[in-house]
Amino acid sequence: MTSTDWTTDIKGAGQYAEVNGINLYFETLGTGRPLILLHGGLGSGEMFGPILPALAAQHQVIAVDLQGHGRTADIDRPIDIRLMADDIAALIDHLGLDKPDVVGYSLGGGVAFFTAVKYPEKVGRLVMTSAHIRRDAIPAEMLAQQAQVNAAAAEFMKDTPMYQLYQQVAPRPEDFPRLLDKIGESMAQDFDYTEEVRSLQVPTMIVAADADMAPPSHYVEMFKLLDGGLRDGGWMGEGRPKGGHALAILPGLTHYNPGASPRFATVTPGFRDDQAS
């Protein structure tokens with residue numbers, strides 16, 4: 001999980017919201033239809049730094065730092081995407097947003113997903129990026145690597161952008177080992193969200209890299225759960241998924257760099273604009 005493209009120069013208006021028992025940090029930039037943007041594990045809104053100008057060119061982007069990440073201090077509860085979805089729903093209410101679109105990557109993709117599952121009346125569209133729905137979808141060697149994520153790994157991560165950014169912006173920089181423990185505990189839990197995917201009520205685009213953590217076939221399987229990829233789409237699109245869902249496999253990317261990719265910045269607003277029309 002390394003990148004040299006992160007930046008602290010977001011240039012958004014940063015503020016905190018006391019919601020759902022957490023002091024949630026977010027930055028707002030751009031104008032237009034609201035888009036809530038959720039980063040990956042051990043990151044913050046800076047993960048999207050290279051593409052934020054493109055995303056904000058036509059939309060109001062609200063980049064959130066999730067529980068224990070970035071400028072949002074941790075609280076006494078697990079790192080759980082279902083609980084963090086409650087935070088995002090509360091933020092939507094706090095800001096008085098009318099069905100914003102929710103775009104999430106990796107950990108943030110799971111949070112975005114459960115925001116749409118639990119609060120469909122609050123979400124316009126969902127973009128779920130590089131987020132698998134079964135733990136066994138990723139290879140055994142990756143599960144073995146995840147099992148090594150704990151406080152003891154903090155010393156070995158000091159040269160990574162995750163550690164360095166955390167030290168720059170976190171309210172309590174000394175909490176990084178605690179965050180590693182919580183992330184490790186979260187990744188160790190088995191899960192299968194197949195039925196939750198089937199229950200989605202908002203137009204959803206599944207996005208993955210062509211060399212993602214899970215194979216492309218897993219994201220195709222997710223698309224099929226949403227009535228996608230089961231028949232010819234038809235000349236007029238009459239055979240497309242009934243819920244307005246879509247699938248994008250981004251070429252030349254891995255699990256770790258969609259947030260820096262112009263391809264992601266292009267396909268995300270494209271889906272949103274298509275649905276809006």
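Select strands β5 (residues 101-105) and β6 (residues 126-129) to begin: the two run parallel and are joined by four bridges, where strands and helices are DSSP runs numbered from the N terminus, with at least two residues (E) for a strand and at least four (H or I) for a helix, and two strands count as paired if DSSP finds at least two bridges between them. Tyr105 has Thr129 as its bridge partner in β6. Between β5 and β6 the chain passes through helix α3 (residues 107-118), and this β-α-β crossover is right-handed, a term that applies if, with the strands pointing away from the viewer, the path from the first strand over the helix to the second runs clockwise.

Before going further, note that this is a predicted model, in which local features need pLDDT of at least 70 and side-chain atom pairs count only at pLDDT 80 or more, while totals for chains, interfaces and linings use all residues. Residues are numbered from 1 along each chain as its sequence is written, and side-chain values use heavy atoms, with hydrogens and water left out.

**Strand β5 and its other partner**

Next, add strand β3 (residues 33-38), which runs parallel to β5 and is joined to it by four bridges; here Leu35 has Asp101 as its bridge partner in β5. With the side chains of β5 displayed, you will find Asp101, Val103 and Tyr105 pointing one way and Val102 and Gly104 the other. In a regular strand the side chains alternate between the two faces of the sheet. Five of the five residues of β5 are buried, that is, under 20% relative accessible area, as against over 50% for exposed and in between for partly exposed (1.4 Å probe, protein chains only).

**Aromatic pairs around Phe48**

A search of the whole structure finds nine aromatic pairs, counted where ring centres of Phe, Tyr or Trp (its six-membered ring) lie within 6.5 Å, with planes under 30 degrees apart called stacked, over 60 edge-to-face and the rest tilted. Select Phe48 with Tyr105: this pair is edge-to-face, at 6.5 Å centre to centre and 85° between the planes. Phe48 sits in the loop between β3 and α1 (52-55) and Tyr105 in strand β5, so that distant parts of the chain, 57 residues apart, are linked. Phe48 and Tyr105 are both buried.

Keep Phe48 selected and add Phe264, with which Phe48 forms a stacked pair at 6.5 Å centre to centre and 25° between the planes. Because Phe264 lies in helix α9 (residues 262-276) and Phe48 in the loop between β3 and α1, this pair ties together parts that are 216 residues apart in sequence. Phe264 is buried, as is Phe48. For another group of rings, select Phe113, Phe114, Phe191 and Tyr193, which form one aromatic cluster.

**The largest pocket**

Now turn to Ser106, Gln146, Ile183, Ser186 and Met187, which among the 44 lining residues lie nearest the centre of the largest pocket. A pocket here is an open set of points on a 1 Å grid over the protein atoms alone, with protein on both sides within 12 Å along at least five of seven lines, and lining residues have an atom within 4 Å of a point. About 1,100 Å³ of space lies in this pocket, the volume being the space filled by probe spheres set on the points. Helices α2 (81-95), α3, α4 (140-146) and α6 (176-187) each give two or more residues to the lining, and α6 gives the most, with six.

**Two residues with positive phi**

Most residues other than glycine have a negative phi. Select Asn20, in the loop between β1 (13-19) and β2 (22-29), which has a positive phi of about 55° although it is not a glycine; Asn20 is partly exposed, with a relative accessible area of 40%. Then select Lys99, in the loop between α2 and β5, where phi is also positive, at about 50°, and the relative accessible area of 37% again counts as partly exposed.

**Strands β7 and β8**

Finish with strands β7 (residues 204-211) and β8 (residues 246-254), which run parallel and are joined by six bridges, with Ala209 standing opposite Leu250 in β8. The chain crosses from β7 to β8 through helix α8 (residues 216-225), and this β-α-β crossover is right-handed.

Terms used. 1 Å grid on protein atoms, 1.4 Å probe; cavity = no way out; pocket = protein on both sides within 12 Å on 5 of 7 lines; lining within 4 Å.
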